[in-house]
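User: I would like to learn how to read pockets, cavities, backbone angles and ring pairs in a model. Please take me through them with an example.

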Amino acid sequence: MTKFKLSLITGALLASSTAFAQVTAITNATVHTSTEQGILKDATVVIEGGKITAINPSNVNADITIDANDRILTPGFIGSMNQLGLVEVGAVAGSRDAGDDKAGVDFDTSSAFNPRSSLIPYARKGGVTQNVAVPYGGDSIFAGLGFVADLSGEFDSVTDKHTALVVHLGAKSKGSRALSYKQLVDKLEERQQALAKKDDKKDKDKKPSLEETVLTQVLNGEMPLVAHLTRASDILEILKIKEQFGINLIIWGADDAQLVKSQLAKAKVPVIISAVSNLPTSFDSLHASLETAGALEKAGVKVILSIGGDGSHNVYQLRFDAGIAVSNGMSHEGAIKALTANVAESFGIEGGKIAKGERADLVLWSADPFEISTHVQKMWINGTEVTTDSRHDKLRDRYTTESKLPRAYTK
């Protein structure tokens, strides 16, 4: 009996090992690599163990071979600057976990992330495989810490908990933006001075708080500071603070960025924008334009495309926004990178590129991903194929199934 049990265990382990080591080859694909290699025609991509193990190998020995028939293969898109998994229904307070009046530098919402949110499968239908979620904060200018999650729907899908520190600057409904900048500078200077006094043995032995750790990482350039602002003069002000402290800066919003595109390019600061922001929503965004993404790209600015407004429910639309950016001056490959490699590089995320050794987040499309009629044919997250079925599909099937029961029911 013991030998029998051991043989069962051994067999199960071998089966598990075999499944993990399963090799998948995607052949005859038009591969948008989001790297210097550009677009590869009639290419083969091999994935194993969650990684891309080969591109165009001389020999392919795969357990599963998928003929792409010249269709487009891209890296999985990466959403950002939304509350995906933290908000289910915006109008229902009990389903919102992205903000709190007491939020500050150390506000970490990753523990509230719901990988089984109904919004996640819907986002996958838009080719999104990873997401940078951020809190919207509270009374402080510091909204809190962003985190990264893949959209596999698994309970271990949070891959990085402290990805960026988000700070809201610019226009205020009450008070002056000048105080916001002072609060930011004071906080950074206070931590900088505390670090300079670390020679004291008592200070060396003291365990830093999460806020102190975060500020130290920001000052060391290990964690990006995401500054949410819009006006051109605010962009120039935050660039001065970047220069003063040597921080790793990302600007989010930036409707007026065209006015200072050369300064942004010189400072090598990534900019997160909505490609469809083309009307002034305030006196801070008088120069919002559909041409902003293309103009910034041509100036040498690293552009990241994000959804304006309710990104949690609408991250699916990223590819449509990218198509609009292309229609208004952005290059097609630049738009692909703005949803993949640029996001990954700016936030230090694995993935976003199709290259040997990269994380195997891949999407096979029926046609150009920026066309409305295009859909996802196959998707892999961390090397595992995942479904794009969502609640919308289930509702469609429920209400279109022929039945003797009332239309809302099925047998």
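**Pockets, a cavity, two angles and ring pairs**

Analyst: Strand S16 gives three residues to the lining of the largest pocket, the largest share. This is a predicted model, in which local features need pLDDT of at least 70 and side-chain atom pairs pLDDT 80 or more, while totals for chains, interfaces and linings use all residues. Residues are numbered from 1 along each chain as its sequence is written, and side-chain values use heavy atoms, without hydrogens and water.

User: What volume does the largest pocket have, and which residues are closest to its centre?

Analyst: A pocket is an open set of points on a 1 Å grid over the protein atoms alone, with protein on both sides within 12 Å along at least five of seven lines; a cavity is a set where a 1.4 Å probe fits but cannot get out, and lining residues have an atom within 4 Å of a point. Points are joined across faces, edges and corners, and a volume is the space filled by probe spheres set on them. Here the largest pocket has a volume of about 400 Å³. Its lining has 22 residues, and Gly50, Ile381, Asn382, Gly383 and Thr384 are the closest to the centre.

User: Which elements each supply at least two residues of that lining?

Analyst: Elements are DSSP runs numbered from the N terminus: helices (H or I) of at least four residues and strands (E) of at least two. For the largest pocket they are helix H1 (2-20) and strands S2 (39-48), S4 (64-67), S15 (376-381) and S16 (384-386). The lining has eight nonpolar, nine polar and five charged residues, where Ala, Val, Leu, Ile, Met, Phe, Trp, Tyr, Cys and Pro count as nonpolar, Asp, Glu, Lys and Arg as charged, and the others, Gly among them, as polar.

User: How much space lies in the second largest pocket?

Analyst: About 330 Å³. Of its 19 lining residues, His228, Trp252, Ile307, Gly308 and Gly309 are the closest to the centre. Strands S6 (77-82), S11 (249-253) and S12 (271-273) give two or more residues each. By class, this lining divides into six nonpolar, twelve polar and one charged.

User: How many cavities of 30 Å³ or more does the search find?

Analyst: One, in the whole structure, with a volume of about 40 Å³. Gly253, Ala254, Asp255, Ile273, Ser274, Ser277, Ala288, Ser289 and Thr292 line this cavity.

User: Which residue in strand S1 has a positive phi although it is not a glycine?

Analyst: Most residues other than glycine have a negative phi. Asn28, in strand S1 (residues 23-32), has a phi of about 55 degrees. Asn28 is at 34% relative accessibility and therefore counts as partly exposed (buried is under 20%, exposed over 50%, partly exposed in between, with a 1.4 Å probe and protein chains only). Asn69 also has a positive phi, about 50 degrees, and is found in the loop between S4 and strand S5 (72-75).

User: How many aromatic pairs are there, and why is Tyr122 with Tyr316 called stacked?

Analyst: A ring pair is described by the distance of the centres and the angle of the planes. Rings of Phe, Tyr and Trp (its six-membered ring) pair if their centres lie within 6.5 Å; planes under 30 degrees apart are stacked, over 60 edge-to-face, and the rest tilted. The structure holds four pairs. The centres of Tyr122 and Tyr316 are 4.7 Å apart and the planes are at 20 degrees, so this pair is stacked. Tyr122 is in helix H2 (residues 119-124) and Tyr316 in the loop between helix H9 (311-314) and helix H10 (318-327), so the pair ties together parts 194 residues apart in sequence. Tyr122 is partly exposed at 21%, whereas Tyr316 is buried at 17%. Ring pairs link Tyr122, Tyr316 and Phe320 into a cluster.
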